Amino acid sequence: MFFDPTGRRWRRIKWGGALVAVFAIAAVAISWGPVHRAPTLGAHGRAAPAVNLGNFDSRPPVIGTGPLVRLVRLDHRPDTVVAVDVVSGQDLGAITPDDADTAGDSPYAVQRYGYSSTAHKTISLTFDDGPDPVWTPKILDVLGRNKVPSTFFVIGKEAVKFPDIVRREAREGHTVGDHTMTHPDLKPDQAGQEIVPTDRIEHTLTGVQTNLFRLPYDGNTTGANDGGARTLVEAERLHYIVSVEDFDTNDWQYGKPETRPATPIPFPPTDQDNITILLHDGGGNRAETVAYLERLIPWARAHGYTFHSLPQVSPPARDGTTDAGPSVWDRETFWYYRAVYSWPNQLLNFLFVLAIASVVVGGLVNVMLALFRRFRYRRRFAGWPDDFAGPEVSVVLAAYNEEKVLGRTLASLGRTWYGRVVEILVIDDGSTDRTAEVVLEAARSDRRIRLIQQENAGKAAALNRGFAQAVAPVVVTLDADTLFAPGTIGNLVRHFAADRTGRLAAVAGVVKVGNARNLLTRWQALEYVTQIGVDRGAQDALHAIMVVPGACAAWRRDAVEQAGGYSRATLAEDCDLALDLQRLGYSVTQDDEAACYTEAPQSPRTLTQQRFRWMFGNIQAMWKHRTMILNPKYRWLGMLTLPSAVISILLPIVFLPFVYLMAVITIQGQGVRVVLLYAALFMSVQLATAAAGIWLTKESPKHLLMVPIYRLIYEPLRAYLLYKSLWTVLRGTRSSWHKLARMGTARAQVEKVGARR
């Protein structure tokens, strides 16, 4: 299945991928143009020509008063000093004698300006760094309750995350200003790419266009910092005016009581006429900002102040609805940055919730279901004797070059308690070693053992040959390296003896690792205990088992023959057969005491070969039986087990690279602690699941020592297998069994379960 010898599928995929890549590059190019052409075309029209500042002093003096700021050239004349706008060349008039003294001989100055001549006893509240989903609405509630208009300088990447909050700000009569896209320590060459896209985003969200901009970090010391004045010039070239403040509340420090002023404004009201106040609605916990507003508003009104937005007290600040409304490029810019900054965050939240649901909630639910099933199961077989009268059994195993392990396997079968095993059929699938001699030697001491030889045709064909030769109504299968405990066959078969419906077709046993001697095999031992004891136990509680392992199982022979036997269409013939039987209306179950030990791969290479066969084979089986998925006819198997298996494959293939990338970004932005907290949560669930699995399968608690590193092996291995399987499906290449070389290292483990119960 999925094999495409013509290569037609791969050629179609390559051409389709090429077309998608072309369209993606074109889309990015289209986006990049309008979003990033700001240095030559501002949101308010074509940018002014570049300015040559000549012998510019990077620390010019600050003169004037007002809520706005600009860089001016000082024309020193005999009787006065005239300020000239460096961008427009406009003569701004003579500066005051006090400002002239402050400027001295400097050729440039940062000039504050902008309060209206009619403005008197006003307070302009300005909020930086929002919107924030928690604190901005709380601040808007306070402002709305007190009918206080304000100005919000928003960060573009936050605006695209929480667009409804920005819309609310404008809808409730506040001014929305520009505080850059990412809040950097803004340099002149960054101005266009940081300011203009944010303006376009705000225009798209509010339908209102302002020319107000505030620099990150600089506050009312703008221009006194290196490079700050040059950034002012770049902002003015793009037709923005820069806002500063008269009073910085430092509200971000108010978590410390000693930083809070005794009165909301720590200078006498008579000393300041118009006041622009800096606060913050984003960037952290702003509970103290909300509390400060509750103190400030009544205090200010009691001292004769009125509240206004910046455009209301400063004529240069424009705030109005444009006739044309947002342009195509405005909207395109909004969606571009929403895709960049909002969608990944939403996707990460979705994946986190999904991980919590699948790993944490799903894991705990599986534990509860498995425990519930165990208590019900104990009552069912309480008091059953070892010599109960059950159906006759044929044992069938396929062997290919198994001389190292087959003798011990046959010996373990000879120790079975169940007295109605009538034959043990070994199908030698064209072995080239001493497999046949080992079987014949074992047959001398056990007449039930019979050798059937055939040319190499694969495991499925060998098992079908065994079923065709079997005489008993129940067939027990195992692998050539699997060591059965003495009670395993009886525990499997008792389910057929207890079945009153006649629809039980298969019973799965519990496969355990018999060579847990290094890191990989000990990890597999924990994995087997967890997945068989808990996950498959939970599936059995819902009558929704997806895989009956051929390494330890009992089958109703006529049901298997009705299903057509083992299929060679997939590499997971046991999963395929289990689904075939349930499509026919048969049921399957599991016995927790039917234990066996198998030899697990001991090297990374053999482990990945085995797990790829399992992964790819299960994908083949699910595709073959895809009509069962979400089909209520198959109850929990169709509505839960199979859909969960599909999701566990598809979601990681699509999102796993993104999850790893976001983990790195989270570590860089928030530190490793957040990731460690998530890891600790998942590890706690893994610990609980493993503990339950150990108890259910009667294994040693020492397996819990592997819990801390369980996912360090599981996640990379699963990612590799998923992408290798996807690559194999897309390429249409043939996959084969890759038989593992047996080492014969599982002998000691079976001795632990050899005593009669």
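Pro131 is found in the loop between β8 (122-130) and α3 (135-146). In this predicted model, the peptide bond that runs from Gly130 to Pro131 is cis, and its omega is near 0 degrees. A further backbone feature occurs at Lys121, a residue of the loop between β7 (108-113) and β8. Lys121 is not a glycine, yet its phi is positive, at about 55 degrees.

Two helix pairs were examined next. Two packed helices are described by the angle between their axes and the distance between the axes. The first pair considered here consists of helix α17, which spans residues 573-583, and helix α18, which spans residues 604-624. Their axes come within 9 Å and cross at roughly 20 degrees. Angles under 35 degrees count as roughly parallel, so α17 is roughly parallel to α18. The crossing of these two helices, α17 and α18, is right-handed. On the α17 side, the residues in contact are Cys575, Asp576, Leu579, Asp580 and Arg583. These meet Asn618, Ala621 and Lys624 of α18. Sorted by class, the contact of α17 with α18 contains 3 nonpolar, 1 polar and 4 charged residues.

The other pair is formed by helix α20 (residues 672-697) and helix α21 (residues 707-731). The axes of α20 and α21 come within 9 Å, and the crossing angle is roughly 105 degrees. An angle of 65 to 115 degrees counts as roughly perpendicular, and α20 and α21 are therefore described as roughly perpendicular to each other. Helix α20 contributes Met683, Gln686, Leu687 and Ala690 to the contact, while α21 contributes Val707, Pro708, Tyr710 and Arg711. By class, the contact of α20 with α21 has 6 nonpolar residues, together with 1 polar and 1 charged.

Pockets were also computed. The second largest pocket has a volume of about 700 Å³. It is lined by 25 residues, of which Asp540, His543, Ser587, Val588 and Thr589 are the closest to its centre. Four elements are listed as giving two or more residues to this lining: the helices α10 (328-381), α14 (488-498) and α19 (635-670), and the strand β25 (587-598). By class, the lining of the second largest pocket is made up of 9 nonpolar, 8 polar and 8 charged residues.

Key: Residues are numbered from 1 along each chain as its sequence is written. This is a predicted model: local features need pLDDT of at least 70, side-chain atom pairs count only at pLDDT 80 or more; totals for chains, interfaces and linings use all residues. Side-chain values use heavy atoms; hydrogens and water are left out. Axes are lines fitted to C-alpha atoms, for helices over the stretch in contact, and angles run from 0 to 180 degrees between N-to-C directions. Angles under 35 degrees count as roughly parallel, over 145 as roughly antiparallel, 65 to 115 as roughly perpendicular and the rest as oblique. A crossing is left-handed if the near helix is turned anticlockwise from the far one by less than a right angle, and right-handed if clockwise. Contact means heavy atoms within 4.5 Å. Ala, Val, Leu, Ile, Met, Phe, Trp, Tyr, Cys and Pro count as nonpolar, Asp, Glu, Lys and Arg as charged, and the others, Gly among them, as polar. On a 1 Å grid over the protein atoms alone, a cavity is a set of points where a 1.4 Å probe fits but cannot get out, and a pocket is an open set with protein on both sides within 12 Å along at least five of seven lines; lining residues have an atom within 4 Å of a point. Grid points are joined across faces, edges and corners, and a volume is the space filled by probe spheres set on the points.
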